[in-house]
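Please look at the sequence and the structure shown below, and keep both in view while reading the report that follows.

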Amino acid sequence: MNKTDLTDFSLSQLTDFVESLGLPTYRGSQIFAWLYRPNITDFSQMTDLTKDLRETLATRASFDWPEIADVERSKDGTVKYGFKLKDNNYIESVLIPEEGRNTLCVSSQVGCAMGCEFCLTGGMGFKRNLSPGEIVGQVVRVRNWLHDDEDTELVLNNLVFMGMGEPLANFDNLLVALEILTYQRGLNFSDRRITVSTCGLVPKIKELGQKTRVNLAVSLHSVDDSARSKLMPINNKYPVAELLEACKNFPMPKRKRIMFEYILIKDLNDSISDAEILAERLKDIPCKINLLPYNETSALSYQRPSDKKIELFQKTLWKAGYTVLVRSSRGSDISAACGQLAGKKSS
Ligand code: SAH
Ligand code: SF4
């Protein structure tokens with residue numbers, strides 16, 4: 001008999017499954033809570049279920065999250081995890097430990113269909129969406145890995161959907177994953193500690209705002225339509241004005257501010273006048289700006305601007321009153337920095 005994989009289920013879906021086995025509804029939330037406790041690998045560990053029920057579950061269901069296949073540690077403390085999926089595809093997540101906050105950067109797809117010029121994941125093309133269990137599984141496995149590692153006391157407390165793929169292009173699975181991640185008896189992450197990053201799928205930004213309370217990050221990179229369309233083909237479909245309008249209308253209570261990500265690429269979008277125009281276009285949107293100096297890769301010819309240029313760009317935005325951070329390229333020695341995840345072991 002084919003076993004049902006419980007890792008793809010929200011609580012209500014798990015409850016439906018439990019009811020289909022002729023069991024009372026409350027068993028759904030009981031089993032759900034067990035699944036997300038650290039290091040539970042077998043139904044036999046679910047000690048407040050009857051022995052009969054544990055045996056039934058073992059014959060009818062399974063919960064196998066993707067295994068960690070590789071671990072690479074950077075000199076700066078960043079850790080990159082490679083996961084082998086059941087169909088032999090390969091995805092990556094990156095743990096970024098920082099003062100007071102430990103972030104896991106998770107993937108939402110194998111590859112990406114959005115084709116941004118500067119991004120190695122985009123260069124892979126699109127292979128497939130991750131299931132909810134494959135998204136949540138990255139968090140479960142890394143949390144367990146940290147739990148088992150005697151050399152660390154790190155606890156995961158922040159999630160960003162900035163790994164491989166475009167999360168809003170895998171919207172339904174993203175929603176189920178977010179439900180599991182934020183549910184108190186699931187992984188119990190606060191919405192405020194989860195950020196979903198998008199290249200700008202306007203209708204889905206609206207839906208994300210209506211259906212969740214997570215933070216929004218938008219990969220902007222330019223506010224000039226012709227420059228942005230060259231970098232990011234999605235801009236032909238949803239140009240800058242529409243994207244900024246969707247950001248302006250994004251419901252903010254509790255979320256405070258949208259994060260705009262802006263890659264700085266030498267001689268392309270890094271001039272003082274680019275910064276001034278950016279400041280002007282964002283002025284009605286409560287936001288902070290994250291500058292990402294381009295992470296160079298041998299496969300592409302884009303270059304990172306000089307430190308001086310980066311500083312000038314940042315100062316121009318500061319003077320206009322913005323909160324601006326320059327994101328350091330953590331983990332670049334293990335190809336774990338933004339845009340360097342290429343899933344090279346996919347087969
Ligand atoms: N698809 C989503 C999330 C994944 S990409 C998105 O595009 O927002 C995460 C971030 O890394 C994006 O802001 C992306 O533009 C940026 N990025 C991609 N390649 C990069 C590179 N080579 N250097 C710096 N940032 C890069
Ligand atoms: Fe996809 Fe984001 Fe890379 Fe663009 S930057 S190709 S949307 S992963």
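Two strands are said to pair if DSSP finds at least two bridges between them, where strands (E, at least two residues) and helices (H or I, at least four residues) are DSSP runs, numbered from the N terminus. This is a predicted model, in which local features need pLDDT of at least 70 and side-chain atom pairs count only at pLDDT 80 or more, while totals for chains, interfaces and linings use all residues. Residues are numbered from 1 along each chain as its sequence is written, chains are lettered from A and ligands numbered from 1 in the order in which they are written, and side-chain values use heavy atoms, with hydrogens and water left out.

**Strands and their partners**

Strand β4 (residues 79-84) is joined to β5 by 6 bridges, and the two run antiparallel. They form a hairpin with 5 residues between them, and in its turn N88 has a positive phi of about 75°. Strand β5 (residues 90-98) is mostly covered, since 7 of its 9 residues are buried; buried means under 20% relative accessible area, exposed means over 50%, and partly exposed lies in between (1.4 Å probe, protein chains only). From β5 the pairing continues to β6, again antiparallel, through 5 bridges, and this hairpin has 2 residues between its strands, with G100 in the turn showing a positive phi of about 75°.

Strand β6 (residues 101-105) is in turn joined to β9 by 3 bridges, and these two strands run parallel. Another 3 bridges join β9 to strand β10 (residues 194-198), also in parallel. Between β9 and β10 the chain passes through helix α6 (residues 171-182), and this β-α-β crossover is right-handed, a term used if, with the strands pointing away from the viewer, the path from the first strand over the helix to the second runs clockwise.

The table lists one bridge pair for each of four strand pairings.

| Strands | Bridge partners |
|---|---|
| β4 and β5 | K80 and V94 |
| β5 and β6 | L95 and L104 |
| β6 and β9 | C105 and V160 |
| β9 and β10 | L159 and I194 |

**Buried residues**

In a regular strand the side chains alternate between the two faces of the sheet. In strand β9 (residues 158-161), N158 and V160 point one way and L159 and F161 the other way, and all are buried. N158 counts as buried because its relative accessible area is 7%. Its side chain makes a polar contact of 3.0 Å with the side chain of T103; such a contact is a pair of N or O atoms within 3.5 Å, and within protein one must be able to donate a hydrogen and the other to accept it, while residues adjacent in sequence count only if both atoms are side-chain atoms.

L174, which is found in helix α6, is buried because its relative accessibility is 1%. Contact means heavy atoms within 4.5 Å, and, residues up to four places away in sequence not being counted, L174 touches I135, F161, P167, L168, V196 and L208. The C-alpha atoms of L174 and V196 are separated by 9.5 Å, although the two residues are 22 residues apart along the chain.

T7 lies in the loop between β1 (4-5) and α1 (11-20), and T7 counts as buried because its relative accessibility is 2%. A polar contact of 2.9 Å joins its side chain to that of D5.
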